[in-house]
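Work through these short exercises with the structure open beside you. Try each task before you read its solution.

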Amino acid sequence: MIKTALRTLAFAGALSALSGMAFAGDCPADKVKAGATPPGTAPASGVTDDVLTTIDIVKINPAFKDNMFRMRRLVVQPGGVVPWHSHGERPANIYIVSGSITEYRSSCSVPIEHKAGEAVAEAGKEIAHWWKNNTDQPTVLISADILHMESKDKHHM
């Protein structure tokens, strides 16, 4: 019972913290179309990706076997690219700390601009995309995701 009460308080606190945060733009409804944007071919460039912390979540719940929860800080320099990737197996939440960045999503026929103070939820097979900093200032992102331990690239964006 105490654990349930603590979870409820933690959830309420998280909702309260999120209430002041804007959620990032999404694809306009009339621009949503499967396969609208082909996979980007640009390699990662101008991006630093630092893992801030990880949690072996199987210790919390055995259902999460072979997965970790991690938080990263990414800095995307002007002209920098976060290459094409999918979120079918790796849900993530991204918070734009500073700057802005453009997303090119497979299911959207127009680019999506994300600005400082916004958050983006990335989950599901329909989310495949790449990002580019089209500004003249660095963009700082915080990423929290669930990653399978067998992933070949521990800095998979």
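The exercises below go from the whole chain to single residues in a predicted model.

**Exercise 1. The overall layout**

Task: State how many helices and strands the chain has, and give their order along the sequence.

Solution:
- Step 1. Count the elements: there is 1 helix and there are 7 strands.
- Step 2. Read along the sequence: the pattern is α-β-β-β-β-β-β-β.
- Step 3. Look at the contacts with a separation of 6 or more: 77% of them join residues 24 or more positions apart.

**Exercise 2. The inside and the surface**

Task: Find what share of the chain is buried and what area the chain exposes.

Solution:
- Step 1. Of the 157 residues, 32% are buried.
- Step 2. The exposed area of the chain is about 9,200 Å².
- Step 3. Carbon and sulfur atoms supply 62% of that area.

**Exercise 3. The partners of β3**

Task: Which strands pair with β3, and in which sense?

Solution:
- Step 1. Start with β2: this strand pairs with β3 over 10 bridges, in the antiparallel sense. One pair to find is I55 with its bridge partner F69 in β3.
- Step 2. Go on to β7, residues 139-148: β3 and β7 are antiparallel, with 16 bridges. Here I96 has L141 in β7 as its bridge partner.
- Step 3. Finish with β6, residues 118-132: 9 bridges join β6 to β3, and the two run antiparallel. V81 stands opposite K132 in β6.

**Exercise 4. Two neighbours in one strand**

Task: Decide whether R72 and R73 are buried, partly exposed or exposed.

Solution:
- Step 1. Locate both residues: R72 lies in strand β3, and R73 is also in β3.
- Step 2. Take R72: its relative accessible area is 1%, so R72 is buried. Buried means under 20%.
- Step 3. Take R73: its relative accessible area is 35%, so R73 is partly exposed.
- Step 4. Recall a general rule: in a regular strand, side chains alternate between the two faces of the sheet.
- Step 5. Check the surroundings. The side chains of R72 and D49 share a polar contact of 2.7 Å. R73 touches several residues distant in sequence, including T48, L52 and V140. The C-alpha atoms of R73 and V51 are 6.5 Å apart, with their positions 22 residues apart along the chain.

**Exercise 5. A nonpolar patch**

Task: Which residues form the nonpolar patch on the surface?

Solution:
- Step 1. The members are I55, I60 and F69.
- Step 2. Together they have about 280 Å² of accessible area.
- Step 3. Place I60: it is in the loop between β2 and β3.
- Step 4. I60 has a relative accessible area of 64%, so I60 is exposed.

Methods
Residues numbered from 1 in each chain as written. Predicted model: local features only at pLDDT ≥ 70, side-chain atom pairs only at ≥ 80, totals over all residues. Heavy atoms only, no water. Helix = DSSP H or I, 4+ residues; strand = E, 2+ residues; numbered from the N terminus. Buried < 20%, exposed > 50% of the residue type's maximum accessible area, 1.4 Å probe, protein only. Contact = heavy atoms within 4.5 Å. Areas by Shrake-Rupley, 256 points an atom, 1.4 Å probe, with all protein chains shown as cover. Patch = residues over 30% accessible without salt bridge, like charges linked within 9 Å, V, L, I, M, F, W, Y side chains within 5 Å. Salt bridge = Lys/Arg side-chain N within 4 Å of Asp/Glu carboxyl O. Polar contact = N/O pair within 3.5 Å; in protein donor to acceptor, adjacent residues only side chain to side chain. Pairing = 2+ DSSP bridges. Lists of a residue's contacts leave out its neighbours within four places in sequence.
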